Structures are given as structure tokens and as C-alpha cells.
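Dear colleague,

I am passing on the structure below, together with some notes on how its chains are related and how they meet. Please read the notes with the structure open beside them.

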2 protein chains.
Amino acid sequence: MQIAILLFDRFTCLDAIGPYQVLSGLPGAEVSFVAERPGPIRDEVGSLVVSASAGLPDVPRPDVIVVPGGPGQRDQMQDGPVHEWLRTADQGTPWTTSVCTGSLILAAAGLLAGRRATTHWLAMDELGQLGATPVTDRVVFDGKYVTAAGVSSGIDMGLTLAGRISGDHVAQSIQLMIEYDPQPPYDAGSPDRAPAEIVDGMRARSRFAVTGRRG
Amino acid sequence: MQIAILLFDRFTCLDAIGPYQVLSGLPGAEVSFVAERPGPIRDEVGSLVVSASAGLPDVPRPDVIVVPGGPGQRDQMQDGPVHEWLRTADQGTPWTTSVCTGSLILAAAGLLAGRRATTHWLAMDELGQLGATPVTDRVVFDGKYVTAAGVSSGIDMGLTLAGRISGDHVAQSIQLMIEYDPQPPYDAGSPDRAPAEIVDGMRARSRFAVTGRRG
């Protein structure tokens, strides 16, 4: 089972590493970090450099596609080799997935038209403008398309998908091995429950046009 | 504020990336991925290659040390350049931290003698044998020493530490930006609640000598 995780400059590392840490534990999993060109890719912070081990043509028929998001997502919205690869590879995938604003890339490539999908809470309107039907759940399945909310939700997406692919026992084993028994010190992980001034400030500074909808 | 994240071959990537994603969001944070020699470092799975941007002598006085764990931890238990760097750098740090079996490395370097600390649930006995006082909490503070439980707990550790360093508002903002509102699809992230046959199987296959203690 080949898992292809797409990389691009200024991706958000946890978007990619959350699902990677989980899905790489599936029996028979082989993971490729794929980019338009193989070689070093820098994350959004700029301190982390990850090697893309494969170029797009090297991974033509993955079983699972994972598209992360991040500030660099905005450079991945034009038609071109990445979109062509996504569309072609998607024709053969059992599962096509995204984390955070990675769903905007899938949508821009035409893969989420009319489909229920999610993204980072700040980008929900943008997702709708790209033809998907935005859903505020943390992990959204629409057939073989699996989209996750912001950044850390890729862990929940990975575990849910692990259960679908290999069964509950395998998914629970992975959860126990990574000791995923989350105990956040604050209850601020959702715009519904974070302090309002933090939510409003983040909306005001967002790179996404936001029309005032909450949640 | 300089944050030094130690890398070594066969580290567990989420151990490092969880705190990185959180702590890199602190005002003024600069993160260095540090290894015995700068250059490519392969993770435990073998599919991820991260560049260590700095060697140990390049980061003599970090403000925060983060030591991840992983199968490669066993190769970091002997005295040598890594332990020397840890001991010397620790003399000036406001915070010295670990995730998962990274605490075994800190303990082997002599930094956790008599201190309350935690680690991956499978390695608690080993931590005690190295002179620390094992505590089963998810994040354990003993003065400036902050240790986290297995793998994914580094996110909780990072947020807790972010609050101590920069205040609740900053930590909550980071939590909201990474949408850390965890919703695991199973309740199997702790040996207390995972199915017993999974816990027992994992203990039986563990690389750590386990004396039968639960939790």
C-alpha cells in the first residue's frame, strides 16, 4: 500500500506528519514524500527542511494521497503539474485525503466539486467558493474523499482512515503506540470555544476573505 | 529565544514535530534542528529525511532544549558528544524538555537524577532504573525539566510550556491556529483504557524490559 504525501514550499509540517506518523504504522504501508521536484522542501516556519524523496512522475498510482495545507497552499492553486498529478493519481486511489487548507488544493484541482469537505476554520468560505460543500466536522468522509480540519486534525483523520483500511484493532494499536490520549491544557482549539478576542483577531489578520460566519 | 530540537537517526518524527509546530509560534522563537553532525537524519519509519541545520557546537546556549524519542534512543544512551552537549547546554537553559523516550536520554546524561519525569508508557520502568522518579502524568514539570509521555503528548507539552513562557493568550492562540480540538475516533490512547489484548501484545513485543506493572 503506497501512501503519497504531497510536499510544497511553506507547507505546515504537522499537517503532513500527523497522518504520516499514523498511516506509516499500517501493515504493508510504504510512504513517499512527493513534490513537483525531488529534493529539499522548506516548511512554513522556515526552520524545517524535509527531503521529497520522489517527483510526481515517480508515484503515478498511490493507494492513498495526503495533501497538507499551509501558507504555501496559495501557490498550489493554479492548474499545472501538481493538479494534473492529483487528477490522474486520484483516478486510481482508494483514498484521496487532505489536512487543513490542503482541501483547497484538492478543490482547485477539481476533485471536490459538490462534495462534502472541511478545511481550517479560517478557510471554510474559500472552500465553498471552490465548489465544495463545507462541513465543520473535524474529519469529513464523502466516499473516498477524506478531508480534515486544521493542522492537528490530521492525527484524527489518520486514525479514522487507519480503521477503515485495516480495522479497529490496528487503528487502536497505533493510537496506543503513539499514546494519543490528548489532554490539551486549554479549551481553545475551536473557534466556538476559544476566547472571542483571539478568534476575532485571527479572523482580522487572516489571509482568507471571511464573510463573518462563525464556527 | 532559541529552541534546539535534537535529532538522531531513527527518531520518532511526531515527538519532534508536535513541540516544533507549537513552540515555533512563540514570539521571537528561532528553532534549530541540531544533531551530532549537520545533515540528513532519517526517522524511525525510514521514509522521512529531515535536515539537521546545526551541529552541537553551533548551538551552545539554547533557551529551550527538546529531546525526542524513538527506536534510535537506544543509540544515544552512551556518554559522548550528545550527552556532553546536553549537560553543558542545560546549565544555561530556562527549560530542558523531552517527549517520549527522549527522557531516557536526558536521564542517561544525568539530568533527571531524583527528578519527577515521564516517558512512553512502555518505558516507565527503564526511566526509573536511570534514576528518575517515574510519574504517569501526560506532562510532568520538575522545576525547569519538562517531560512528556509518548509521541503525541509533545503537543500537550508544547502548549503547556508555551503558556508558561508567553502566557495563556499566546498559548491559546497557537492552539486555535493549529485547531487542536482533538477528537480521537477510539479511546485507546492509554494503557489504562485500550483493549487489554492490545496492551499485553505491545508489552510482550516491547524492546523495554517490563516488570508487569500496569499504567
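Before the symmetry is described, one definition is needed: copies are superposed by least squares on the C-alpha atoms of residues with pLDDT of at least 70 in both, and the pLDDT values come in because this is a predicted model. On that basis, chain A is brought onto chain B by a rotation of 180° with 0.0 Å of shift along the axis, at an RMSD of 0.0 Å, which is the relation of a two-fold axis. The same surface serves both copies, in that 100% of the contact residues of chain A recur in chain B. The residue of chain A that comes closest to the rotation axis is Val50(A), whose C-alpha lies at 2.3 Å.

As for the contact itself, chain A and chain B contribute 54 residues each. On the side of chain A, the elements that give two or more residues include helix H1 (13-23), strand E4 (49-52) and helix H5 (153-166) of chain A, while H6(A) gives the most, with 8 residues. By class, this side of chain A divides into 32 nonpolar, 17 polar and 5 charged residues.

Within chain B, helix H1 (residues 13-23) packs against helix H5 (residues 153-166) at an angle of about 30°, their axes being 8 Å apart, so that H1(B) is roughly parallel to H5(B). The crossing of H1(B) and H5(B) is right-handed, and their contact has 8 nonpolar, 3 polar and 1 charged residues. Among the residues that meet there are Asp15(B), Gly18(B) and Pro19(B) from H1(B), and Gly154(B), Ile155(B) and Met157(B) from H5(B).

With best wishes

Terms used: Residues are numbered from 1 along each chain as its sequence is written. Chains are lettered from A and ligands numbered from 1 in the order in which they are written. This is a predicted model: local features need pLDDT of at least 70, side-chain atom pairs count only at pLDDT 80 or more; totals for chains, interfaces and linings use all residues. Two residues are in contact if their C-beta atoms, placed from the backbone, lie within 7 Å. Helices (H or I, at least four residues) and strands (E, at least two) are DSSP runs, numbered from the N terminus. Ala, Val, Leu, Ile, Met, Phe, Trp, Tyr, Cys and Pro count as nonpolar, Asp, Glu, Lys and Arg as charged, and the others, Gly among them, as polar. Axes are lines fitted to C-alpha atoms, for helices over the stretch in contact, and angles run from 0 to 180 degrees between N-to-C directions. Angles under 35 degrees count as roughly parallel, over 145 as roughly antiparallel, 65 to 115 as roughly perpendicular and the rest as oblique. A crossing is left-handed if the near helix is turned anticlockwise from the far one by less than a right angle, and right-handed if clockwise.
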